[in-house]
Amino acid sequence: MQLTAAEVSVLAVFESIREAMLANDADALGSHVAEDYRGSDAGGRSHGREEYLAAYGPGGVALEVLEVSDTETRAWADTVLVTGLVLIRGIYQDQSFEHRARFLDVYRHQENGWKLAASSVTDAV
């Protein structure tokens, strides 16, 4: 199945977010995250935009690996869903970690382009 133009654009934003997370670049990450962003992590904790940016900025999570597979997209008018499997490895507060998780990201088209509006992560078994 061929991707729509919206899906292609969102996957480029998705890759930019992945690169910003690996680089601990909160400014680059913030340019792709909606002001009203909401998310939940694998532990069931919800967070807003500021907490999300702080987690992946300087002094936050230091990622060594962020590999994505099984990616699928679905598009409607001004909304695109991206789902998949992620392997994430790094250090947080001097503790090494590795997680395999399923994710669901919701992107919404705004005046200034596609923005991550919501995300949810669930531990993969």
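Start with the sheet: in this predicted model, select the six strands and you will see that they form an open sheet in the order 2-1-6-5-4-3, with mixed pairing. As you follow the sheet across, the twist from one strand to the next averages 20 degrees. Which strands stand at the edges? Colour strand 2 (46-48) and strand 3, and you will find that each has a single partner strand, so one side of each is left without a neighbour in the sheet.

Next, select strand 4 and strand 5, which pair in the antiparallel sense over 14 bridges. Within this region, pick out Y92 and look for its bridge partner in strand 5, which is Q95.

Now add helix 1 to the view, and turn the model until you can see that this helix lies across strand 3, strand 4, strand 5 and strand 6. Compared with the direction of strand 3, helix 1 runs at about 165 degrees.

With the helix and the sheet both shown, turn to the side chains of the largest nonpolar core, which has 26 residues. The residues with the most contacts inside this core are I17, M21, L29, Y52, Y56, L63 and Y107, and they make a useful selection to display as sticks. Several elements give two or more residues to the core, including helix 1 (5-23), helix 3 (49-55) and strand 5 (95-110), and the largest share, seven residues, comes from helix 1. In soluble globular proteins, nonpolar side chains tend to be buried together.

Which residues does L29 touch, leaving aside its neighbours within four places in sequence? Centre the view on L29 and you will find it in contact with I17, A20, M21, Y52, L53 and Y56.

Two of those partners deserve a separate stop: Y52 and Y56 are both buried, and their rings form an edge-to-face aromatic pair, with 5.7 Å from centre to centre and 70 degrees between the planes. The structure holds three aromatic pairs, and if you add Y37 to the selection, you will have the aromatic cluster formed by Y37, Y52 and Y56.

From Y37, move on to H47, which lies in strand 2. Is H47 buried or exposed? Its relative accessible area is 15%, and because residues under 20% count as buried, H47 is buried. The side chain of H47 makes a polar contact of 3.1 Å with the side chain of Y37. To finish, show the surroundings of H47 beyond its neighbours within four places in sequence, where its contacts are Y37, R38, G39, S40, D41 and Y52.

How values were computed: Residues are numbered from 1 along each chain as its sequence is written. This is a predicted model: local features need pLDDT of at least 70, side-chain atom pairs count only at pLDDT 80 or more; totals for chains, interfaces and linings use all residues. Side-chain values use heavy atoms; hydrogens and water are left out. A nonpolar core is a set of buried Ala, Val, Leu, Ile, Met, Phe, Trp, Tyr and Cys residues joined through side-chain atoms within 4.5 Å. Buried means under 20% relative accessible area, exposed over 50%, partly exposed in between (1.4 Å probe, protein chains only). Helices (H or I, at least four residues) and strands (E, at least two) are DSSP runs, numbered from the N terminus. Contact means heavy atoms within 4.5 Å. Two strands pair if DSSP finds at least two bridges between them. Axes are lines fitted to C-alpha atoms, for helices over the stretch in contact, and angles run from 0 to 180 degrees between N-to-C directions. Rings of Phe, Tyr and Trp (its six-membered ring) pair if their centres lie within 6.5 Å; planes under 30 degrees apart count as stacked, over 60 as edge-to-face and the rest as tilted. A polar contact is a pair of N or O atoms within 3.5 Å; within protein, one must be able to donate a hydrogen and the other to accept it, and residues adjacent in sequence count only if both atoms are side-chain atoms.
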